[in-house]
Amino acid sequence: MRFVAQLRLSKQAWIDLAFFGGVPVVLAMLSAVLGPYAAIMGGIGAVTYVLSLALVPWWLTGLATYLVSAIAGRKLPLWLIAAIGVVAAGPFVSLYVYLVNWIAGDIWPALKTFLPATFSTGHLKSAVVSEGRAIVLWIAFVIIFRETLGWARFAPQVKDTGCEGERFQLSGAEWTAEDDALLRVLIGSGKPPRAIALEMKRTVGGIRARTAKLGLRNNRIGDRPGG
């Protein structure tokens with residue numbers, strides 16, 4: 001059972017790497033190829049510039065979305081959690097982009113002729129367009145990774161349900177071969193269903209149903225409150 005959990009953690013780690021590393025790098029490379037940065041800064045300069053504008057804002061948005069997810073819990077759908085996260089990160093991302101452009105403008109003066117003047121109409125219009133594009137891209141990638149890869153980073157947390165003061169997993173949780181083997185051992189030891197449910201972190205109904213499905217006999221299967 002522990003080995004299976006490690007495999008699942010490994011899968012989530014790979015998805016994290018793809019989302020927080022692969023996606024912004026690909027977007028940055030597209031920007032470097034399609035934009036005028038290579039002509040202004042040269043190949044290495046353009047790659048450094050677009051990566052700095054892709055990775056850190058992506059990570060800041062990830063941090064903001066994680067905080068929103070932790071606070072909201074199961075109260076909000078995933079798309080709304082992602083939307084609030086990207087909007088909340090907006091001011092910090094804007095400040096970071098301003099600093100990067102300021103430093104880059106000193107290194108490559110030609111960049112200043114390409115970028116609109118700060119707080120000008122063109123600058124504000126560009127900022128609104130960039131923010132809208134960031135919102136759409138962020139929500140789209142979060143949903144795509146969740147629905148296609150089973151990514152659980154920002155998914156609403158599923159809380160354990162209470163039953164007579166005890167904490168159990170959902171009754172529909174998948175049963176593994178290790179779970180079945182443990183169930184057989186616990187039934188063989190003579191433990192009542194509620195004690196088995198507590199130890200295996202499952203509902204009493206789930207224990208009874210699995211016991212019946214496996215054709216096992218529990219002399220205390222009728223153990224019920226007051227019974």
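How many of the 227 residues of the chain count as buried? The share is 30%, where buried means under 20% relative accessible area, exposed means over 50%, and partly exposed lies in between (1.4 Å probe, protein chains only). This is a predicted model, in which local features need pLDDT of at least 70 and side-chain atom pairs count only at pLDDT 80 or more, while totals for chains, interfaces and linings use all residues. Residues are numbered from 1 along each chain as its sequence is written, and side-chain values use heavy atoms, with hydrogens and water left out.

The chain has eight helices and two strands. Helices (H or I, at least four residues) and strands (E, at least two) are DSSP runs, numbered from the N terminus. Read from the N terminus on, the order of elements is α-α-α-α-α-β-β-α-α-α. Contact here means heavy atoms within 4.5 Å. Of the contacts in the chain with a separation of 6 or more, 68% are between residues 24 or more positions apart.

Helix H1 covers residues 2-34 and contains Trp14. Trp14 counts as exposed because its relative accessibility is 61%. Its C-alpha atom is 9.9 Å from that of Trp151, although the two residues are 137 positions apart along the chain. Trp151 also appears among the contacts of Phe145, a residue of helix H5 (residues 121-149). Phe145 counts as buried, because its relative accessibility is 10%. With neighbours within four places in sequence left aside, Phe145 is in contact with Ile15, Ala18, Phe19, Val23, Gly150 and Trp151. One of these, Ile15, is 130 residues from Phe145 along the chain, with the two C-alpha atoms separated by 8.0 Å.

Two helices can be compared with the span of a straight helix, taken as 1.5 Å times one less than the number of residues. For helix H2 (residues 37-72), 36 residues would span 52 Å if straight, but the end C-alpha atoms are only 40 Å apart. H2 bends by about 105 degrees at Gly43, the bend at a residue being the angle between axes fitted to the seven residues ending there and the seven starting there. Gly43 is in contact with Ala38, which also touches Ala46 when neighbours within four places in sequence are left aside. Ala38 is itself in H2 and is partly exposed, since its relative accessible area is 39%. From Ala38 to Tyr49, eleven residues on in sequence, the C-alpha distance is 9.8 Å.

Helix H3 (residues 78-107) has 30 residues and an expected span of 44 Å; its end C-alpha atoms are 41 Å apart, which agrees. H3 nevertheless bends by about 45 degrees at Gly90, and a proline, Pro91, follows within four residues.

The last part of this account concerns H7 and H8. Two packed helices are described by the angle between their axes and the distance between the axes. The axes are lines fitted to C-alpha atoms, for helices over the stretch in contact, and angles run from 0 to 180 degrees between N-to-C directions. For helix H7 (residues 193-200) and helix H8 (residues 204-213), the axes come within 8 Å and cross at roughly 105 degrees. H7 is therefore roughly perpendicular to H8, as angles of 65 to 115 degrees count as roughly perpendicular, those under 35 as roughly parallel, those over 145 as roughly antiparallel and the rest as oblique. On the H7 side the contact is made by Pro193, Arg194, Ile196, Ala197 and Met200, and on the H8 side by Val204, Ile207 and Arg208. These residues divide into six nonpolar, no polar and two charged. In that division, Ala, Val, Leu, Ile, Met, Phe, Trp, Tyr, Cys and Pro count as nonpolar, Asp, Glu, Lys and Arg as charged, and the others, Gly among them, as polar.

Lys201 lies in the loop between H7 and H8. Its phi is near 55 degrees, a positive value in a residue other than glycine. Lys201 counts as partly exposed, because its relative accessibility is 47%. Arg210, in H8, is buried, because its relative accessible area is 15%. Leaving aside neighbours within four places in sequence, Arg210 is in contact with Trp175, Asp180 and Leu183.
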